[in-house]
Amino acid sequence: MVEEGTLSRVPHTDVRAPVGADSPTCQLRDVLDRVGDKWSVLVMALLGHGSRRYSELQRGIDGISQRMLTLTLRSLERDGLIIRTVTPTSPPRVDYALTEVGETLSGEVGSLIRWAEEHREYVATSRLRYDEESR
């Protein structure tokens with residue numbers, strides 16, 4: 001039995017925009033969805049310290065699956081925030097780095113991560129207090 005709001009099948013992995021997604025509000029929401037996505041934020045933070053190979057990104061982001069990392073990288077590349085460089089060696093070497101526009105976002109992402117690190121205990125305590133009061 002599938003709960004309401006859950007997917008009954010694995011979704012496709014196409015990262016192109018849906019048809020009709022050309023209104024200014026939809027475009028803004030789409031950009032905010034990308035830059036506010038937890039995996040994108042963490043990838044951008046790692047790449048803010050220099051280019052990384054796929055395996056380095058996967059090791060550096062606790063809990064991300066191979067599929068989710070691949071989808072996140074494709075989406076960030078499609079949005080022009082990262083660049084993928086393939087070096088023809090055996091096996092091929094693939095590196096990811098921020099574009100110029102990605103670098104402008106990297107500073108903002110870094111600020112968000114610093115804020116989260118500074119306030120994570122406060123948020124955790126607040127959640128516990130709320131949960132206890134809601135019983």
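How many bridges join E2 to strand E3? Six of them do, and the two strands, E3 being residues 93-98, run antiparallel. Keep in mind as you look around that this is a predicted model.

Let's stay with that pair for a moment. E2 and E3 make a hairpin, with five residues between them. If you want to check the register by eye, find Ile83, which stands opposite Ala97 in E3. Then look at Thr85, whose bridge partner in E3 is Asp95. Asp95 in E3 turns up again on the E1 side, as the bridge partner of Arg53. That brings in E1, which is joined to E3 by two bridges and runs antiparallel to it.

Put those pieces together and you get an open sheet of three strands, ordered E1-E3-E2, with antiparallel pairing. Strand E1 (52-53) and strand E2 (82-87) are at the edges with a single partner strand each, so one side of each has no neighbour in the sheet. As background, strands of a sheet pair through backbone hydrogen bonds, either parallel or antiparallel.

Now for the helices. H2 lies across E1, E2 and E3, and runs at about 95° to E3. Helix H2 (residues 38-47) also meets helix H5 (residues 100-133): their axes come within 9 Å and cross at roughly 110°. Because of that crossing angle, H2 counts as roughly perpendicular to H5. Which residues in H2 and H5 meet? From H2 come Val41, Leu42, Met44 and Ala45, and from H5 come Gly102, Leu105, Ser106, Val109, Leu112 and Ile113. Sorted by class, this contact of H2 with H5 has eight nonpolar residues, two polar ones and no charged ones.

The same two helices bring us to some empty space. The second largest pocket holds about 200 Å³, and its lining is made up of Lys38, Val41, Leu42, Leu112, Ile113, Ala116, Glu117 and Arg120. H2 and H5 are the elements that give two or more residues to this lining, and H5 has the largest share, with five residues. Val41 and Leu42 in H2, along with Leu112 and Ile113 in H5, belong to the helix contact and are also among the residues that line the pocket. What classes do the residues of the lining divide into? Five are nonpolar, none is polar and three are charged. The charged ones are worth picking out on screen: Lys38, Glu117 and Arg120.

How values were computed:
Residues are numbered from 1 along each chain as its sequence is written. This is a predicted model: local features need pLDDT of at least 70, side-chain atom pairs count only at pLDDT 80 or more; totals for chains, interfaces and linings use all residues. Side-chain values use heavy atoms; hydrogens and water are left out. Axes are lines fitted to C-alpha atoms, for helices over the stretch in contact, and angles run from 0 to 180 degrees between N-to-C directions. Helices (H or I, at least four residues) and strands (E, at least two) are DSSP runs, numbered from the N terminus. Angles under 35 degrees count as roughly parallel, over 145 as roughly antiparallel, 65 to 115 as roughly perpendicular and the rest as oblique. Contact means heavy atoms within 4.5 Å. Two strands pair if DSSP finds at least two bridges between them. On a 1 Å grid over the protein atoms alone, a cavity is a set of points where a 1.4 Å probe fits but cannot get out, and a pocket is an open set with protein on both sides within 12 Å along at least five of seven lines; lining residues have an atom within 4 Å of a point. Grid points are joined across faces, edges and corners, and a volume is the space filled by probe spheres set on the points.
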